[in-house]
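The following questions and answers concern the structure shown below. Each answer sets out its reasoning before it gives the value or name requested.

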Protein chains: 2
Amino acid sequence: MRPPPKSLARARLAVTPVLAAASATLAPELRRIVEYHWGWCDAAGRPASGGGGKRLRPTLAVLSAEAVGEPADRALAGAAGVELVHDFTLLHDDVMDQDRERRGRPTAWAVFGVGPALCAGDALVLLAQRVLLRDASPAHVAALAALGEAAETVIAGQALDLAYEGRVDLGEADWVRMAGQKTAALLGCAASIGAILARGPEAAVASLREFGSALGLAFQAVDDWLGIWGRPERTGKPVASDLRQRKGSLPIVAALAQPGAAAGALRDFLRAREAPDEAAIARALDALEACGAEAATRAVAEREYARAERCLASAPLAPSARDELLELASFVVDRES
Amino acid sequence: MRPPPKSLARARLAVTPVLAAASATLAPELRRIVEYHWGWCDAAGRPASGGGGKRLRPTLAVLSAEAVGEPADRALAGAAGVELVHDFTLLHDDVMDQDRERRGRPTAWAVFGVGPALCAGDALVLLAQRVLLRDASPAHVAALAALGEAAETVIAGQALDLAYEGRVDLGEADWVRMAGQKTAALLGCAASIGAILARGPEAAVASLREFGSALGLAFQAVDDWLGIWGRPERTGKPVASDLRQRKGSLPIVAALAQPGAAAGALRDFLRAREAPDEAAIARALDALEACGAEAATRAVAEREYARAERCLASAPLAPSARDELLELASFVVDRES
């Protein structure tokens, strides 16, 4: 396994105090849920470590300020803002999807109840707004508008994802539309919000956003690949996890679009009402293989990764930050968890 | 029954096009849920009328601009913003409280499912932000900051309300703290956001916010009174509705603080696990009467209404708008539904 890029640790170190100061302003009932979600404490409120995410979005935000030649601290309110919005969507999505586990720990609603977890998510989207409005300069207002627009798009993507449930007539274009909203919009915002805050040139902001958006689709394609073919000891999830939950992930929709019996078998698998047994999972995996679903999924990841690379190549950016963005992108696409 | 103040109809007429233009920008899946919630369409999306709220908050917003001598249209983004935030909290609260009915119709989650209703709520809090940021002037940014702060307070109040569930050791001070956050904060914002947008003097803004906040407590005390002693043909709810749901409303917490057997009987009623039968409801109503709970509840409503009146009396406000604010406050406190 390759070591994680240094930019992740550097951004985490810079954004953690901003997140800590922000969560300290929450009502105690809500702060505890948020800090549990971040892995900073256990369910009883005792200090803990681990279990938080990679802080990919804050890292993109920090690098985007550096990419337009400004120091990382110009990006910090945006770095915190994108992470808070991301956590808001995770807290709510886990309720909607009834997911009881995240990053190897019980989800917030499973520990604290549905109502408190929903309130914690609500609090975070408003906290993101407050963190950005602490400075009411035009750059901060523009960054907040961009973040709000991205968050609206994420919500629309989640609603679309819910509307897709149970459908067996979807194709790759439907997946691109949904993942473009649910995942890529916020990564596009993360990869440009630091440049907005640092008042970088419009062309650089646009290229960085496009880079983040392409990276977001690549990220989601890899996520969907891992959800079926990831190694359980790395992902912390059961074998073929997304198949067990009958998620309409990219491998599935890519396979459904194929002619022939294998796609038909997959449709039957998705339509069945009872929980699938191991034999049904094995048959579904065979059907995916017969449809070339794994290769199709990797192809989307590679296509979007190449697009992300191109966005950076053509933009007027500081070389060292550009290299770190590329290193981060490559890490995201090659990750095993 | 007294006729509703003209200001309600006037504000509704002014704010409806702003709300309609805003909801038209939502994804179709979400727009339908929001417009159903507003009573603009039925569950199938067919146009309907009725079932929306009183638009009390937009009316306060409009009057607050007029109170500092500016026309209503200066307030419209704020009027829409407070209503969108209010609807965001209603959509989420109905999920958290598992309430299946609101304003005589099935709640959004009961019709469209939990996930879509939560997404619709999420979309509205972000839509409120977007409506206010459409103009990035300092007045609009200040109004957004005030709205965000109020929304954060509402969420903290809802979390507190959830934390109170099942407790039998609460008193009036706990209720004031919770209702102050959950209800009064947003009414305080509504009653001042128009003045903020119209760049009214700081002293007027502060008095109007204080007025709205006091009115909010009076409003909630009346709501809690109606929840137990309201006439079903007016409220659209069963007799003693809040008792059936064992809500920790003001009459209950006021009664629990009394010494003696009646408060003890009420505690037993609240602690029981099975759904209360009609005999248990009748005994709980007797216990409330023995504790003087109805008078205590009316006393809070009158005390806060008087405080609201005083806030307006001492502030430098346009007389006609002040009169309309007082008329509205008196309508709110005397209402039967």
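Q: What distance separates the end C-alpha atoms of helix H3 of chain B, and what span should its twelve residues give?
A: In this predicted model, helix H3 of chain B comprises residues 56–67. At 1.5 Å a residue, its twelve residues should span 16 Å, and the distance between the end C-alpha atoms agrees with that expectation. Expected span and end-to-end distance are therefore each 16 Å.

Q: Is H3(B) mostly covered or mostly open, and how many of its residues are buried?
A: A residue is counted as buried when its relative accessible area is under 20%. The buried residues of H3(B) include B:Leu60, B:Val62 and B:Leu63, and also B:Arg57 and B:Glu66. H3(B) is mostly covered, with a buried count of twelve of twelve residues.

Q: Which helices of chain B are included in what covers the buried residues of H3(B)?
A: The cover comes from several parts of chain B. Among them are helix H1 (6–23) and helix H4 (76–96). The others named are helix H8 (172–197), helix H9 (202–229) and helix H16 (319–334).

Q: Which residue just after H3(B) takes a positive phi?
A: The residue lies just after the helix, and its phi is about 85°. The residue is B:Gly69.

Q: What kind of axis relates chain B to chain A?
A: Two copies of a chain are related by a rotation about an axis and a shift along it. Here a rotation of 180° with 0.0 Å of shift superposes chain B on chain A, at an RMSD of 0.0 Å. That relation is the one given by a two-fold axis.

Q: What percentage of the contact residues of chain B recur in chain A?
A: Chain B contributes 34 residues to the contact and chain A contributes 34 residues. The same surface serves both copies, and the share that recurs is 100%.

Q: What area is buried between chain B and chain A?
A: The size of an interface is often given as the accessible area lost when the parts come together. Carbon and sulfur atoms give 77% of the area in this case. The buried area is about 2,700 Å².

Q: Which element gives the most residues to the side of chain B that touches chain A?
A: Across the interface there are two salt bridges and six residue pairs in polar contact. The elements of chain B that give two or more residues to this side are helix H2 (28–37), H4, helix H6 (114–133) and helix H7 (138–164). The element that gives the most, with 13 residues, is H7(B).

Q: Which residue of chain A forms a salt bridge with B:Glu152?
A: The closest N and O atoms of the pair are 2.4 Å apart. The partner of B:Glu152 is A:Arg130.

Q: How many residues apart are A:Arg335 and A:Asp223?
A: The side chains of A:Arg335 and A:Asp223 meet in a salt bridge at 2.5 Å, N to O. A:Arg335 lies in the segment after helix H16 (319–334) of chain A, whereas A:Asp223 lies in helix H9 (residues 202–229) of chain A. The pair thus links distant parts of the chain, with a separation of 112 residues.

Q: Is A:Arg335 buried or exposed?
A: Its salt-bridge partner A:Asp223 is partly exposed, with a relative accessible area of 30%. A:Arg335 has a relative accessible area of 8%, and the cut-off for a buried residue is under 20%. A:Arg335 is therefore buried.

How values were computed:
Residues are numbered from 1 along each chain as its sequence is written. Chains are lettered from A and ligands numbered from 1 in the order in which they are written. This is a predicted model: local features need pLDDT of at least 70, side-chain atom pairs count only at pLDDT 80 or more; totals for chains, interfaces and linings use all residues. Side-chain values use heavy atoms; hydrogens and water are left out. Helices (H or I, at least four residues) and strands (E, at least two) are DSSP runs, numbered from the N terminus. The expected span of a helix is 1.5 Å times one less than its number of residues. Buried means under 20% relative accessible area, exposed over 50%, partly exposed in between (1.4 Å probe, protein chains only). Contact means heavy atoms within 4.5 Å. Copies are superposed by least squares on the C-alpha atoms of residues with pLDDT of at least 70 in both. Buried area is the accessible area (1.4 Å probe) that two parts lose on being put together, summed over both. A salt bridge is a side-chain nitrogen of Lys or Arg within 4 Å of a carboxyl oxygen of Asp or Glu. A polar contact is a pair of N or O atoms within 3.5 Å; within protein, one must be able to donate a hydrogen and the other to accept it, and residues adjacent in sequence count only if both atoms are side-chain atoms.
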